[in-house]
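This report looks at how side chains hold parts of one chain to one another. Please keep the sequence and the 3D view at hand while reading.

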Amino acid sequence: VQLQASGGGLVQAGGSLRLSCAASGSIFRFNTVGWYRQGPGKQRELVATITGGGETNYANSVKGRFTISKDNAKNTVYLQMNSLKPEDTAVYYCNVRIGVSVYWGQGTLVTVSS
């Protein structure tokens, strides 16, 4: 299983970015995918998840600002991030849980300037 995260960059506070997580196969249709982030000097934390059936869950810190979605035909999960804040600065990672195994993509850096 290979995951490729992309879409990070530098944005001003209040701006938007869309992250993408592309999989090497049709694995998102039946498995839960998550976006996590790790800010400078912080532990990795959950941002959002989406199940195979499309149910979503968000960290309180991003509710109302971030939206996780997926396109099963494109084997891609997205994280739309709006109203970005400097505290959203982090390396963002996607993962997928298949059975008892968890697979991670490489991170993509999001930097929000004030």
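## A charged pair across the chain

In this predicted model, D88 and R37 form a salt bridge in which the closest N and O atoms are 2.9 Å apart. The two residues belong to distant parts of the chain, since D88 sits in the loop between β8 (76-81) and β9 (90-98) while R37 is in strand β4 (residues 32-38), with 51 residues separating them. D88 has a relative accessibility of 1% and therefore counts as buried, and R37, at 5%, likewise counts as buried.

## The salt-bridge network

The whole structure contains 3 salt bridges according to the search. Besides its contact with D88, R37 meets the side chain of E45 in a salt bridge, with an N to O distance of 2.7 Å. E45 has a relative accessible area of 35%, which means that this residue is partly exposed.

D88 also has a salt bridge with R65, where the closest N and O atoms are 2.7 Å apart. Because R65 lies in the loop between β6 (56-58) and β7 (66-71), whereas D88 lies in the loop between β8 and β9, this pair ties together parts that are 23 residues apart in sequence. Both R65 and D88 are buried. Through shared partners, the salt bridges join R37, E45, R65 and D88 into one network.

## The nonpolar core

In soluble globular proteins, nonpolar side chains tend to be buried together. Here the largest nonpolar core has 29 residues, and the members that touch the most others are F28, W35, L79, M81 and Y92. Strands that each supply at least two residues of this core are β1 (3-6), β3 (17-23), β4, β5 (45-50), β7, β8, β9 and β11 (108-113).

## The disulfide

What joins C21 and C94, and how far apart are their sulfur atoms? The two residues form a disulfide, with the sulfur atoms 2.1 Å apart, and the structure holds 1 disulfide. C21 is in strand β3 and C94 in strand β9, so the pair ties together parts that are 73 residues apart in sequence.

The torsion about the S-S bond of C21 and C94 is about 70°, and the disulfide is therefore right-handed. As for accessibility, C21 and C94 are both buried.

Note on methods. Residues are numbered from 1 along each chain as its sequence is written. This is a predicted model: local features need pLDDT of at least 70, side-chain atom pairs count only at pLDDT 80 or more; totals for chains, interfaces and linings use all residues. Side-chain values use heavy atoms; hydrogens and water are left out. A salt bridge is a side-chain nitrogen of Lys or Arg within 4 Å of a carboxyl oxygen of Asp or Glu. Buried means under 20% relative accessible area, exposed over 50%, partly exposed in between (1.4 Å probe, protein chains only). Helices (H or I, at least four residues) and strands (E, at least two) are DSSP runs, numbered from the N terminus. A nonpolar core is a set of buried Ala, Val, Leu, Ile, Met, Phe, Trp, Tyr and Cys residues joined through side-chain atoms within 4.5 Å. A disulfide is a pair of cysteine sulfur atoms within 2.5 Å.
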